[in-house]
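Trainee: I've got the model open and some time before my next spin finishes. Can we walk through it together?

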Amino acid sequence: MAETTSDGSPSAVAPSAPALFSPYKMGRFNLSHRVVLAPMTRCRAIGGIPNSALAEYYSQRATAGGLLITEGTIISPAAPGFPHVPGIFEVTQVKAWMKVVDAVHEKGAFIFCQLWHVGRASHQDLQPDGVLPVSSTDKPISKRWRVLLPDGSYGIYPKPRKLETGEIPELVEQYRRSAVNAVKAGFDGVEIHGAHGYLIDQFLKDGINDRGDEYGGSLANRCKFLMQVVNAVVSAVGADRVGVRVSPAIDHLDAGDSDPLSLGLSVIHNLNKLQQEYGSKLAYLHITQPRYTAYGQTESGKQGNSDEEALFMEAWRNAYNGSFISSGGFTRELGIEAVAKRGCDLVAYGRLFISNPDLVTRLKLDAPLNRYNRATFYSHDPIVGYTDYKFLDKDDGKLVSRL
């Protein structure tokens, strides 16, 4: 079967090349391959301000025609769930991001800013004036999870304050303003983070959302906050600059749902309807695989049923009318298979990209991969475990440092 782009036209790629490395037209963006940098928290933006280390980090992972999605970027002072994560709500942050975006664009790559509010997945030590974090509920995250605090220790998540109905429009406005700021900073688009147990997911999942107002109860009500955010952001920057990430079947941070298949389909129904109303497709829908089993481990707390998970992803993929990104524990082989079998259009890689800044080249060559060091994932060192992973010298196959 010939490879095609999102608009149905054939792509120019050698028949022998795996489709993972073939061009793809994602709306207004002409991508040269389908390997995407997944958003990953790295805690290097000291004081919430992007710096030269971030510019180096993203530039290292940029390829001509490639797509990068930034780490979660907070939309307000009350939004962080980790220390030293970047923001996009102040002028100083916007100006600082410009240097990062410029470094990526110099490589010919595209970069989206992930808009993030963690909701209850925070702590008083991370909040302005030490107040409680907010959520759809006043139920805390269970003690099996821990929150990273500014002093490097791990704490227990506190009981959140349940948002009043009248407070929710201001949160929607924060997403809208942050999207406008991202475009001002030069980002090619934004990704709305509605996954992994953070604020939007706390409204979507019936295992968390216990509200009795218009934002709780039915699927339609639980999707309302997400869709208000999407509508506001699309109205501000255009549908073709907006991606949405959800994880209906992931129970990270206790974000479980009694019927994840129906939840995912309901979200997709609403997104398809929005696209019809605007007469323009979103940039993409990004769904995290219900499995993290590629390395014999899970990050969602439990192993799932592979047949059920495949059914979920197939149903969501077939239901969505637009570009589809999948992420979650992909290896080279799994990524090639996913695109070849049309399980997704693009594959987002996370941890492998941390330790392999030239991951696209390594995957194309089927070259050895550097091992990542978990101990440095969330440290604040601007070099160690961040920009010091070695590149592959394509001429002789040796590992070389670019520092």
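Mentor: Sure, and keep in mind that this is a predicted model. One definition before we start: two strands pair if DSSP finds at least two bridges between them.

Trainee: With that in hand, in which order do the eight strands close into a barrel?

Mentor: The pairing is parallel, and the eight strands close up into a barrel. From one strand to the next, the twist averages 25°. The order to trace is β3-β4-β5-β10-β11-β12-β13-β14.

Trainee: Let's zoom in on one pair: which residue in β4 is the bridge partner of V36?

Mentor: β3 and β4 (residues 67-74) run in the parallel sense and pair over two bridges. For V36, the bridge partner in β4 is L67.

Trainee: What about helices on the sheet: what angle does the direction of α8 make with that of β13?

Mentor: Take helix α3 (residues 168-184) as a warm-up: it packs on the sheet, touches β5 (110-116) and β10 (189-194), and makes about 160° with the direction of β5. Then there is α8, which packs on the sheet and touches β12 and β13. The direction of α8 and that of β13 make an angle of about 160°.

Trainee: How far apart are the end C-alpha atoms of α8, and what span should its residues give?

Mentor: α8 has 14 residues, and at 1.5 Å a residue they should span 20 Å. That agrees with the model, because the distance between the end C-alpha atoms is also 20 Å.

Trainee: Why do the buried residues of α8 line one face of the helix?

Mentor: The residues in question are E309, F312, M313, W316 and R317. An α-helix has 3.6 residues a turn, so residues three or four places apart point the same way. Seen down the axis of α8, the buried residues line one face because they fall within an arc of 125°.

Trainee: And what covers that face, and which residues are exposed on the other side of α8?

Mentor: The cover over the buried residues of α8 includes α7 (260-278), β12 (284-288) and β13 (324-327). On the other side of α8, the exposed residues are D307 and N318.

Trainee: R317 is charged, so which residue forms a salt bridge with R317?

Mentor: Side chains of opposite charge can pair when their charged atoms come close. Here the closest N and O atoms are 2.9 Å apart. The pair links distant parts of the chain, 28 residues apart, with R317 in helix α8 (residues 306-319) and the partner in the loop between α9 (332-340) and β14 (346-349). R317 is buried, as is its partner, D345.

Trainee: Is K341, in its salt bridge with E337, buried or exposed?

Mentor: In that salt bridge, the closest N and O atoms of K341 and E337 are 3.0 Å apart. E337 counts as partly exposed, at 37% relative accessibility. K341 has a relative accessible area of 61%, and over 50% counts as exposed, so the word for K341 is exposed.

Trainee: Which residues do salt bridges that share partners join into one network?

Mentor: The structure holds 16 salt bridges, and one of them brings the side chains of R177 and E170 together at 3.1 Å, N to O. R177 is partly exposed at 36% relative accessibility, and E170 is partly exposed with 38%. The network joins E170, E173, R176 and R177.

Trainee: Last one: which residues does T41 touch, leaving out those up to four places away in sequence?

Mentor: T41 lies in the loop between β3 (35-37) and α1 (52-60). With a relative accessible area of 16%, T41 is buried. The residues T41 touches are E71, F82, V85, W116, F377 and Y378.

Terms used: Residues numbered from 1 in each chain as written. Predicted model: local features only at pLDDT ≥ 70, side-chain atom pairs only at ≥ 80, totals over all residues. Heavy atoms only, no water. Salt bridge = Lys/Arg side-chain N within 4 Å of Asp/Glu carboxyl O. Buried < 20%, exposed > 50% of the residue type's maximum accessible area, 1.4 Å probe, protein only. Helix = DSSP H or I, 4+ residues; strand = E, 2+ residues; numbered from the N terminus. Expected span 1.5 Å × (residues − 1). Arc of directions from axis to C-beta. Contact = heavy atoms within 4.5 Å. Axes fitted to C-alpha atoms, helices over the stretch in contact; angles between N-to-C directions.
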